[in-house]
Amino acid sequence: MKKYLVLFLLLAASAFATEVPKISPADAARLVADGAAVLVDIREPAEWAATGVVAGAALLPKSDFDGDQKLWKDFLAKHRDKQLLLYCRSGHRAGIIGAVLAEQGRKVANAGGFKDWQAAGQPVRQVGESK
């Protein structure tokens, strides 16, 4: 019963969550190139290894955001004045984290899914290659 109550509360909260603006890969890439924003891949390490990542993206898994934020805390402090452009596999998880960050007063946008970046012809690298 507790499980269902928690699920209900999460769904209810997401219905009232802050709407995060969406941004195309091309527009996001321009903002990053201009130094106005930072691109963040919030997928998990196994996903990065399986598909690669967008070149220049910071790799900060959602599991760390949901947990103790060992990686996220320093990253957020370092990029306090920049817009955060989040992407994941489909854009769903990016929207969830984006809403939390927007409620904290951060400038954030949902940059969609990794497949959108590939379809737009944006450069991709394998994990382990230099950014």
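**Exercise 1. Start at Lys 70: is this residue buried or exposed, and which residue does its side chain meet in a salt bridge?**

*Solution.* Lys 70 has a relative accessible area of 64%. The cut-off for exposed is over 50%, so Lys 70 counts as exposed. Keep in mind that we're working with a predicted model here. Next, look for the partner: the side chain of Lys 70 forms a salt bridge with that of Asp 68, at 4.0 Å from N to O. Asp 68 comes out at 46% relative accessibility, which makes this residue partly exposed.

**Exercise 2. How many salt bridges does a search of the whole structure find?** **Take the pair Arg 43 and Asp 41: are these residues buried or exposed?**

*Solution.* The search turns up five salt bridges. One of them is the Lys 70 pair we just did. For Arg 43 and Asp 41, the N to O distance is 2.8 Å. Now check accessibility: Arg 43 sits at 2% and Asp 41 at 0%. Buried means under 20%, so Arg 43 is buried, and Asp 41 is buried too.

**Exercise 3. Which residue forms a salt bridge with Arg 93, and which helices do the two lie in?**

*Solution.* The partner is Glu 47, with the closest N and O atoms 2.9 Å apart. Arg 93 belongs to helix 6 (residues 92-103), while Glu 47 belongs to helix 3 (residues 45-51), so this pair ties together parts that lie 46 residues apart in sequence.

Stay in helix 3 for a moment, since Ala 50 is there as well. Ala 50 is exposed, at 64% relative accessible area. Its C-alpha atom is 9.0 Å from that of Val 127, a residue 77 places away along the chain.

**Exercise 4. In what order do the strands of the open sheet run, and which are the edge strands?**

*Solution.* Four strands make up the sheet, ordered 3-1-4-5, with parallel pairing. Strand 3 (58-59) and strand 5 (108-113) are the edges, as each pairs on one side only. Now zoom in on one join: strand 1 and strand 3 run parallel and are linked by two bridges. Val 40 stands opposite Ala 58 of strand 3. Finally, add a helix: helix 6 packs on the sheet, touching strand 4 and strand 5, and its direction makes about 155° with that of strand 4.

**Exercise 5. How many residues does the largest nonpolar core have, and which elements each supply at least two of them?**

*Solution.* The core has 18 residues, and those with the most contacts inside it include Val 40, Ile 42, Trp 72 and Phe 75. Strand 1 (37-41), helix 5 (70-78), strand 4 (83-88) and helix 6 each supply at least two. Helix 6 gives the largest share, four residues. Apart from this core lies another one of 14 residues, among them Ile 23, Leu 85, Ala 111 and Phe 114. As background, nonpolar side chains tend to be buried together in soluble globular proteins.

**Exercise 6. Where is Lys 62, and is this residue buried or exposed?**

*Solution.* Lys 62 is in helix 4 (residues 62-66). With 16% relative accessibility, Lys 62 counts as buried. Its side chain makes a 2.6 Å polar contact with that of Asp 66. Beyond four places in sequence, Lys 62 touches Ile 42, Arg 43, Glu 44, Arg 93, Ile 96 and Ile 97. Now cross-check from the other side: with the same kind of neighbours left aside, the contacts of Ile 42 include Lys 62, Trp 72, Leu 86 and Arg 93.

Definitions and conventions
Residues are numbered from 1 along each chain as its sequence is written. This is a predicted model: local features need pLDDT of at least 70, side-chain atom pairs count only at pLDDT 80 or more; totals for chains, interfaces and linings use all residues. Side-chain values use heavy atoms; hydrogens and water are left out. Buried means under 20% relative accessible area, exposed over 50%, partly exposed in between (1.4 Å probe, protein chains only). A nonpolar core is a set of buried Ala, Val, Leu, Ile, Met, Phe, Trp, Tyr and Cys residues joined through side-chain atoms within 4.5 Å. Contact means heavy atoms within 4.5 Å. Two strands pair if DSSP finds at least two bridges between them. Axes are lines fitted to C-alpha atoms, for helices over the stretch in contact, and angles run from 0 to 180 degrees between N-to-C directions. A polar contact is a pair of N or O atoms within 3.5 Å; within protein, one must be able to donate a hydrogen and the other to accept it, and residues adjacent in sequence count only if both atoms are side-chain atoms.
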